[in-house]
Amino acid sequence: MAYEKRFDGRGFDELRPMEAKVGVVKNADGSAMFKIGKTTAIAAVYGPRELHPKFLQNPETGILRVDYNMLPFSGHGDRVKPGGSRRSREICKVMENALLPVLDLKDWPNSVVDVFVDFPQTDAGTRCAGICAASLALADAGVAMKDMVTAVAIGKVEDKIVVDLNYEEDSYEHGSDVPIAMLPNSGKITVIQMDGEITPEDLVVIFAKAEAACRKIYDVQKAALRAKFKKQEDVS
Amino acid sequence: MTHVARETLLASLKAGMHLDGRPLAAYRPITVTTDISYSAEGSARVVVGETDVIVGVKLAIEKPYPDTPGRGNLMVNVELRPMSNPRFEPGPPGEEAVEVARVVDRGIREGGALHAEELCISPGKQVWSVMIDICTVNVAGGLIDAAGLGALAALLHSKFPEHTDDIVHYDRRTSKKLPIGTQPLPVTVFKIGDFFMVDPLPEEEAHMDARLTIAITEHDTICALQKGGSIPLAKEDIHQMVKIALKSSHELRKNIPRQK
């Protein structure tokens, strides 16, 4: 069967509408909201700060901890029980791997940079939206970064390769989902996962589409950071 | 959080003002936005000063409790998210979260905010469970009142999903609203030295001697009380705190968004 028109009417390479805002959690050292379609991620950064319990400390370098959390009412069906699941634990790890390559925490021995990411509503693509929000929050916190991190889920629905899957596409029976995190300046990939079925040739197309989509996400991120720091200039 | 010396704070309170210049019985600017999460049956975001909470209501069909076979279930849960304050850590709800949840719960339950009988589908077998989750984005003073306002706003804006027998179709929402009875709101009056106030800044809250949360309906009846803090209160203190709470509740109530 051919996938002629996307369920929500978007073009095959079209991202859902994005919104990004920096500085949304007043108590945090850095924070950001990143919204794509109906998936909303709020990220807050605390640190570098002393790491407790002490046995987790690394005298050689600071460490990064990511906490990914869907709020109880953010799922598609039943209430999501608080406290995390095997799925959320894996995503925390994946997000740490996505973000750590752009950080250098060698100057912060025995410390931790905590990144908390909460989702008030979700419509697929949460780990990718979470990575985009977390990257913005780290930049807002003034943590030294070599690059931003952008992420998007590319997928295959029937015969078509599509950008930024929504829930309906993500849960489609004859479909594949390939979340990719990319560093926009170097083009390097810090996350790739996949479930479904694709050909090696598909992968070439997927990377090309991911690169183009990540450039658009990067533009949204830069605009959000500029908006905050421009505001500060205006005040001073 | 900035630390403020007790004498500095008391001097300001003596002049009848919070440290930010507000009258003692006044709230910081409040904004309430409803329907902020499409996946919840009802939701609201409440910002009071720099305190920011998100509340979501989920509905499910469950078995009633054996002692209330003809009444729906109510659950209030508070997640003091680690993002919202450096003193919160990931993990199961601690003492503070449980206290806020129980105080908000009692106001809603005892005030009769929901007609629980109308949540019954089949006595002893199937009832609607109303699950309210209050999640903090930023905690900077006055949490209980913000949480209670958010819970009420989310309840008022909740809509039932369709269901076939006990299967709920969350993707198909009806226009039917929850059976709302009264509209209780918790108002917390703080005592610092000889002074009473509502909605303290975090640097004021740090000097709290005692607090009294008073849940009040729109008919000015009291439906729940909870004293906090380790300093005892005189009976006269409590009378005065109730008087302040009644007055401040009228101001707080203006922020309840009208039902659509």
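The paragraphs below lead through a predicted model, beginning with chain A, passing to a sheet and a helix of chain B, and ending with the core and the contact of the two chains.

Chain A holds four helices and nine strands, and read from the N terminus these elements follow one another as β-β-β-β-α-β-α-β-β-α-β-β-α. The radius of gyration of chain A is 18 Å, close to the 18 Å that the globule rule gives for 236 residues, so chain A is as compact as a globular protein of that length. Taken along the principal axes, the box that its C-alpha atoms fill is roughly 55 × 45 × 35 Å. Of the 236 residues of this chain, 50% count as buried, and among its contacts with a separation of 6 or more, 71% come from residues that are 24 or more positions apart.

Within chain A, helix H1 (residues 86–99) is a good element to look at in detail. Its 14 residues should span 20 Å at 1.5 Å a residue, and this agrees with the model, where the end C-alpha atoms are 20 Å apart. Which residues of H1(A) are buried? They are A:Ile91, A:Cys92, A:Val94, A:Met95, A:Ala98 and A:Leu99, and the elements that cover them include strand E4 (63–70), helix H2 (126–140), strand E6 (150–157), strand E8 (175–182) and strand E9 (189–192) of chain A. As background to such a pattern, an α-helix has 3.6 residues a turn, so residues three or four places apart point the same way.

In chain B, attention can turn to an open sheet of four strands, which stand in the order E10-E9-E11-E12 and pair in an antiparallel manner. Strand E10 (195–198) and strand E12 (222–228) of chain B are the edge strands, each of them pairing on one side only, and from one strand to the next the twist averages 20°. Strand E9 (residues 185–192) and strand E11 (residues 210–216) of chain B run antiparallel and are joined by seven bridges; in one of the pairs of residues, B:Phe190 has B:Arg211 of E11(B) as its bridge partner.

Helix H5 (residues 235–253) of chain B packs on this sheet, where it touches E9, E10, E11 and E12 of chain B, and its direction makes about 135° with that of E9(B). From its first C-alpha to its last, H5(B), with 19 residues, reaches 27 Å, close to the 27 Å expected at 1.5 Å a residue. Its buried residues include B:Met241, B:Ile244, B:Ala245, B:Ser248, B:Ser249 and B:Leu252, and what covers the buried residues of this helix includes helix H3 (143–156), E9, E10 and E11 of chain B.

In soluble globular proteins, nonpolar side chains tend to be buried together. Here the largest nonpolar core has 144 residues, and A:Ala43 and A:Ala133 are those with the most contacts inside it, while H3(B) gives the most to this core, with 11 residues. Leaving aside residues up to four places away in sequence, A:Ala43 touches A:Ala133 and several others, among them A:Ser31, A:Ala32, A:Val115, A:Phe116, A:Val117, A:Gly130 and A:Ala137.

What, finally, does each chain bring to the contact between chain A and chain B? Chain A brings 25 residues and chain B brings 28 residues. On the side of chain A that touches chain B, strand E3 (39–50) and strand E5 (111–121) each supply at least two residues, and E5(A) gives the most, with four residues.

Key: Residues are numbered from 1 along each chain as its sequence is written. Chains are lettered from A and ligands numbered from 1 in the order in which they are written. This is a predicted model: local features need pLDDT of at least 70, side-chain atom pairs count only at pLDDT 80 or more; totals for chains, interfaces and linings use all residues. The radius of gyration is taken over C-alpha atoms; the globule rule is 2.2 Å times the number of residues to the power 0.38. A residue is buried if 20 or more other C-beta atoms lie within 10 Å of its own, exposed if 12 or fewer, and partly exposed in between; C-beta atoms are placed from the backbone. Two residues are in contact if their C-beta atoms, placed from the backbone, lie within 7 Å. Two strands pair if DSSP finds at least two bridges between them. Axes are lines fitted to C-alpha atoms, for helices over the stretch in contact, and angles run from 0 to 180 degrees between N-to-C directions. The expected span of a helix is 1.5 Å times one less than its number of residues. A nonpolar core is a set of buried Ala, Val, Leu, Ile, Met, Phe, Trp, Tyr and Cys residues joined through C-beta atoms within 7 Å.
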